[in-house]
Amino acid sequence: MSQGKNVQRTLCIIAVGSALFWSGLGYAMDASDAPEVITMDSLENHYDPVEFNHLEHTEMAACTDCHHHTLGIPPTNESCVKCHENSPEADVLSCGDCHLTDRFGIEALATLDDPQLYHRGTPGLKGAYHLNCVGCHQEVGGPIGCEDCHTMKDAGKKMFKAGKYAPVSKGEKGGH
Amino acid sequence: MKNKIINRRNFIKGGLGGAVVASQLKGKESQAAGAFDHYPDSMGVLVDVTRCVGCRSCEAACNQEQGLPEPEKPFNDYSVFDEVHPHGGHGREERRTTEYNYTIVNKYNVPGVDHPLFRKIQCNHCLEPACLTSCFVNAYSKTPEGAVVYDPTVCVGCRTCMIACPFYVPTFKYGSAFKPRIMKCVFCHETRLKEGRPPACVEICPQEALTFGKRTDLLEMAKSRIRSNPDKYVDHIYGEKEAGGTAWLYLSPVEFDKVGFDVHVPHEPVINFVRDFLSIVPMVLLIWPALFTGFHLLSNRKDAKSQHDEDNQEV
Amino acid sequence: MKLFTNNKQEVPIVDHCKPDGSKWSITEKLLLGLSFQDYKKQFFRNPFNWAFIIIFLIGTPILIERYLFGLGTVTHSSSDYPWGLFLGFGLFGMVPLSASGFMLGTTVELFGRKDFHPIERLALLNGLLGYFFAVLFLMVDLGMPWRLPYPMFVSLGPAAVLFLVAWHVATYLSVQVAEVLPSFFEWLGWLKGKRAIRSMVLGLTVSGIILSTLHQGALGALFTYAPGKLHPLWLSANFQWIHFFCSSIFGGLCMVIVVSTLIKKFMAWRCDDHFLETLDNLSLGLAKGATLAMITYIVIKFVAIAHDKEWAYLLTGWGQYYLLEITVAVVLPLILCVWAIRNDNATVVRFAALIVVLGIIWNRLNTALICYNWHLYQEIPHWKEVAITVLVYSSYIITYRFILYRLPIVYEWKGEK
């Protein structure tokens, strides 16, 4: 298992590296250049990391569904096309490069003070993942339950009062 | 705040007469209700009903952050959505916030929508809070950051705030004889908002159904969401004008009453409805004494006159 | 009591001195001149007292339960219905019925209508006790009754309507104590105190009117905080205070008529002839005043509907309930009063006054409970809530009776005054 993880991590690094390399050459990315599996651990406080099978998903969805306009392929969304019809391939491709982890931090919020800023409603990383993943899963009938993708850690169970933290006392409340 | 303290001191110094009450009342009222310009940089949360999937993470995070009592069911138990007449309101069919939870999410099956919709309920943190204006011991304050917070050390337990809140938010610990208090969402003011961090529910929300930011930014954001997706949203931002404006704002894909919002909440601060009465108070205090003493003098004069007439007749 | 009054010529006490010239002691005055044994006997012979004993036996443990285990154990108050019977009946119902104090104070002391003098003291006492027990009801309902002085001295929120209510009820309560004190001083034989109060009577009366106008109105204005919750027919942001104030005028007057009727029926031994002889005429006179207030009330009720353009509501079920309330509680007694005044019929006036008193309570319960949350659901008070309400109201009646038995309220003190 740990070996498998290492392999994936290596793959990730290679993928990102090659992406940078290829982008430098001005070629559009191909799905086969992408990492096969991506480990997402932004919810590690409460859940185990999620192994996202990128390769499998490239067979089910269009690249632009997730990588909106950053692959050098014209986006499908009408309002995006207005500006990004001829956008070249971007230097950075991973979700977290545009979608901030600390979306509501003081610094992130301060960027909204710039009146020139156009993308004012860009969701944070967690929001971007879920809005896109769950949105698509709902359409195509993929798994949508929280714990279909996320295995709850002890801390998560503690917060959700689930598992061994499940409430035992019942009917004590209300008083009337 | 300083101003307030000075007011209080003058007030006590000035004696306990009604006239002082009136002048105080007038001064405070115009300050609190009339000229008050809100806090321009106060924070808020934009709730997008189209995004919420009913995972109840916000309920769980709130419970942990605020150290609230253990729930009846785990927060990943979704059978609560189908409960009818849960405790908290005797005749209410829906779940609502209670003294045990500051926020809850309810599910709505709306005809014509192929999936259920979810709506989060918590204190909306009004710009001119009715709870605050109705409280006779100043237990509530609106912080510059935007939270409406409550001070249990001065509360008398009259529960007028619960009458006044147009959103039925404040709840009371009826079960406690010696330490009852109001329980309501405080925007995580002490633990987070004060430091500029979003409340626990916003931070945990996986769908970013809750967007934290300056209220003014959020309004813009909400408008642009409606503008760029006119088919997805109803063209209304609940909370922009409701109750005079609230820090928490909502976007919905269907008419708001279909997802449990009270669409009859007036579009002005509740205090506006009370103003008519407040304005007569100084008048009564000033005019009545003169008027009635005048009546007295008149009727006595009549007495004296008839007495005089009688005397004359006798003579 | 009748038996004893027949047996003993010196009872009831109306003077400091016994017929033999010696003075009544305070204890004797308290026991109405009876021996302790006799007092006990007459107490248990009275069927009303048995009813009170039962009420206290049931109510007291429940009241203790409320203070030991919280409001939640005895009421159905909830997050949706914060106020129940204690305030709906005890505060909002009792305060308007206690407006009699300032009404008759004004009539007699300010307008110089000395003909109402025989009933003035009863009206003042009715006011004092009504307010006092309304405050007691509040003490039952407040979450932290021990913090009652907070709005006065600890943390002031002067922009709140309730702040006005608190201050005005508190000040007015002291004014009323001062107004009732002369009877107590006469009974006690401390004439200095009485003279001191007499010299302030004009000031007291005027402040009584001011304070009453404001807090009777303020109790109504409390509901203007709930514009979306209370049914629009029972709520008018502009006129609510005047509705409450105006209805308290005829409510207070009619309460005096009802109480005096009860006194005449059950306590005639305590009244002096002057009181009994003038009572019919005075009741008619009070009814005359009430009639004018009732007409005004009906007019402003409909002015409010016109102002808020709420005519359409009258066609709904709630509208019919509203019309029922107005018709039964105001129009009917108004017609009865007008007829009775024309025909000099005190009995009908008394009947009409009873309807008015119940009608006022009905109106206040409608406002505070029944038509509150009209778009949500109806709350039915817990039986223990009813038990405590009955208990406190019984204490009110007992205190009322205790004072009437002793102080020169419905009779004139024969001794030094």
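**Figure 1. Overall fold of chain B in the predicted model****.** Eight helices and nine strands form the secondary structure of chain B. The chain has 315 residues, of which 55% are buried. Among its contacts with a separation of 6 or more, 59% join residues that lie 24 or more positions apart. The accessible surface of chain B amounts to about 13,400 Å², and carbon and sulfur atoms contribute 55% of that area.

**Figure 2. Surroundings of Pro253(B) in the loop between β9 and α8 of chain B****.** Strand β9 spans residues 248-251 and helix α8 spans residues 271-314, with Pro253(B) located in the loop that links them. Pro253(B) has a relative accessible area of 25% and is therefore classed as partly exposed. Leaving aside residues up to four places away in sequence, Pro253(B) is in contact with Val49(B), Thr50(B), Leu117(B), Lys232(B), Tyr233(B) and Val234(B). For Tyr233(B), which is 20 residues from Pro253(B) along the chain, the separation between the two C-alpha atoms is 4.2 Å.

**Figure 3. The largest cavity and its lining****.** Twelve cavities of 30 Å³ or more are present in the structure, and the largest cavity encloses about 130 Å³. Its lining comprises 17 residues, with Cys52(B), Cys58(B), Val105(B), Cys205(B) and Ala209(B) the closest to the centre. Helix α3 (57-65) and strand β3 (117-121) of chain B each provide at least two lining residues. The largest share, three residues, is supplied by β3(B). By residue class, the lining consists of eleven nonpolar, three polar and three charged residues.

Key:
Residues are numbered from 1 along each chain as its sequence is written. Chains are lettered from A and ligands numbered from 1 in the order in which they are written. This is a predicted model: local features need pLDDT of at least 70, side-chain atom pairs count only at pLDDT 80 or more; totals for chains, interfaces and linings use all residues. Side-chain values use heavy atoms; hydrogens and water are left out. Helices (H or I, at least four residues) and strands (E, at least two) are DSSP runs, numbered from the N terminus. Buried means under 20% relative accessible area, exposed over 50%, partly exposed in between (1.4 Å probe, protein chains only). Contact means heavy atoms within 4.5 Å. Accessible areas come from the Shrake-Rupley method with a 1.4 Å probe; for residues, only the protein chains shown count as cover. On a 1 Å grid over the protein atoms alone, a cavity is a set of points where a 1.4 Å probe fits but cannot get out, and a pocket is an open set with protein on both sides within 12 Å along at least five of seven lines; lining residues have an atom within 4 Å of a point. Grid points are joined across faces, edges and corners, and a volume is the space filled by probe spheres set on the points. Ala, Val, Leu, Ile, Met, Phe, Trp, Tyr, Cys and Pro count as nonpolar, Asp, Glu, Lys and Arg as charged, and the others, Gly among them, as polar.
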